[in-house]
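User: I am new to this structure and would like a close look at one part of it, the pockets. Please show me the model first.

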Amino acid sequence: MIKEIESRRSIRRYKDIPVKKELIEEILKVGMLAPSSKNRQPWHFIVTTGSAKEQVLKAMEAGLKREEKQPFLPESAPYLDGARATLKIMKEAPVIIFITDPLASPMDQPLAIDERVSEICNAQSMGAAIENMTLAATELGLGSLWICNTFFAQEELNHWLNADGQLYAALAVGYADEAPAPRPRRKAELTVEWRK
């Protein structure tokens, strides 16, 4: 798996080749093997292809247009162009997997400290599942892109997906039509602190 960690890339260009259902099922299986806090396994995966993918991406597009006039994330307005670019990538990828947490509280609901800690733990579990999926895609010869720009259209996507809880992220999957170089990483001496 070290090889997959080193060779995994965020893919933003995809070939127009369908991905077999069996490969997506393998990716999902590996995602569900991720560790989770208290073994809650808080994930729910919604796989979209074809016309279902087109419909959900129209909902995202509507959310991005709404965001220009009535922002859900006003402080993140400088990143809206990035979200539009992500939407183009999502349209090109043959498969989009939406990852939701059925246990999550509504975004505008205040949480008690225990509830907030549970949601933080669930978010870590969801991240582990998504990372497993990106590595599985790499091992299977597929490219993927972990997408968080969905938050700009959270309301519209949650409505279309008709999922309990909250949308956490999306994962684009397909055959890569690019081979990006690795992006620079910060050196260990800048990110690791040893204490004795």
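How many nonpolar, polar and charged residues does the lining of the largest pocket have?

Analyst: By class, that lining has 5 nonpolar, 1 polar and 8 charged residues. Bear in mind that this is a predicted model.

Start with the space itself. The largest pocket has a volume of about 300 Å³. Its lining is made up of 14 residues. Nearest the centre of the largest pocket lie Arg-8, Arg-9, Pro-182, Arg-183 and Arg-185.

Now take the second largest pocket. It holds about 200 Å³ of space. Its lining counts 13 residues. Closest to the centre of this second pocket are Ser-105, Met-107, Leu-111, Glu-119 and Tyr-168. Two elements, helix 5 (113–139) and strand 4 (166–174), each give two or more residues to the lining of the second largest pocket. The classes in that lining are 8 nonpolar, 3 polar and 2 charged. Set beside this, the lining of the largest pocket has 8 charged residues and 5 nonpolar ones.

Strand 4 leads on to the sheet. The sheet is open and has 4 strands. Their order is 1-2-4-3, and the pairing is antiparallel. Strand 1 (44–48) and strand 3 (143–147) are the edge strands, and each of them pairs on one side only. On average, neighbouring strands of this sheet are turned by 20° against each other, with direction ignored.

Look at one pair in detail. Strand 2 (residues 95–101) and strand 4 run antiparallel, joined by 7 bridges. One residue to find is Val-95, whose bridge partner in strand 4 is Val-173.

A helix lies across these strands. Helix 4 (residues 80–92) lies across strand 2, strand 3 and strand 4. Helix 4 runs at about 145° to strand 3.

Last, step back to the whole chain. The protein chain has 7 helices and 4 strands. From the N terminus on, its elements run α-α-β-α-α-β-α-β-α-β-α. The radius of gyration of the protein chain is 17 Å, close to the 16 Å that the globule rule gives for 196 residues, so the chain is as compact as a globular protein of that length. Along the principal axes, the C-alpha atoms of the protein chain fill a box of roughly 50 × 45 × 35 Å.

Note on methods. Residues numbered from 1 in each chain as written. Predicted model: local features only at pLDDT ≥ 70, side-chain atom pairs only at ≥ 80, totals over all residues. Heavy atoms only, no water. 1 Å grid on protein atoms, 1.4 Å probe; cavity = no way out; pocket = protein on both sides within 12 Å on 5 of 7 lines; lining within 4 Å. Points joined across faces, edges and corners; volume = space filled by probe spheres on them. Nonpolar A, V, L, I, M, F, W, Y, C, P; charged D, E, K, R; others polar. Pairing = 2+ DSSP bridges. Axes fitted to C-alpha atoms, helices over the stretch in contact; angles between N-to-C directions. Contact = heavy atoms within 4.5 Å. Rg over C-alpha atoms; globule rule 2.2 N^0.38 Å.
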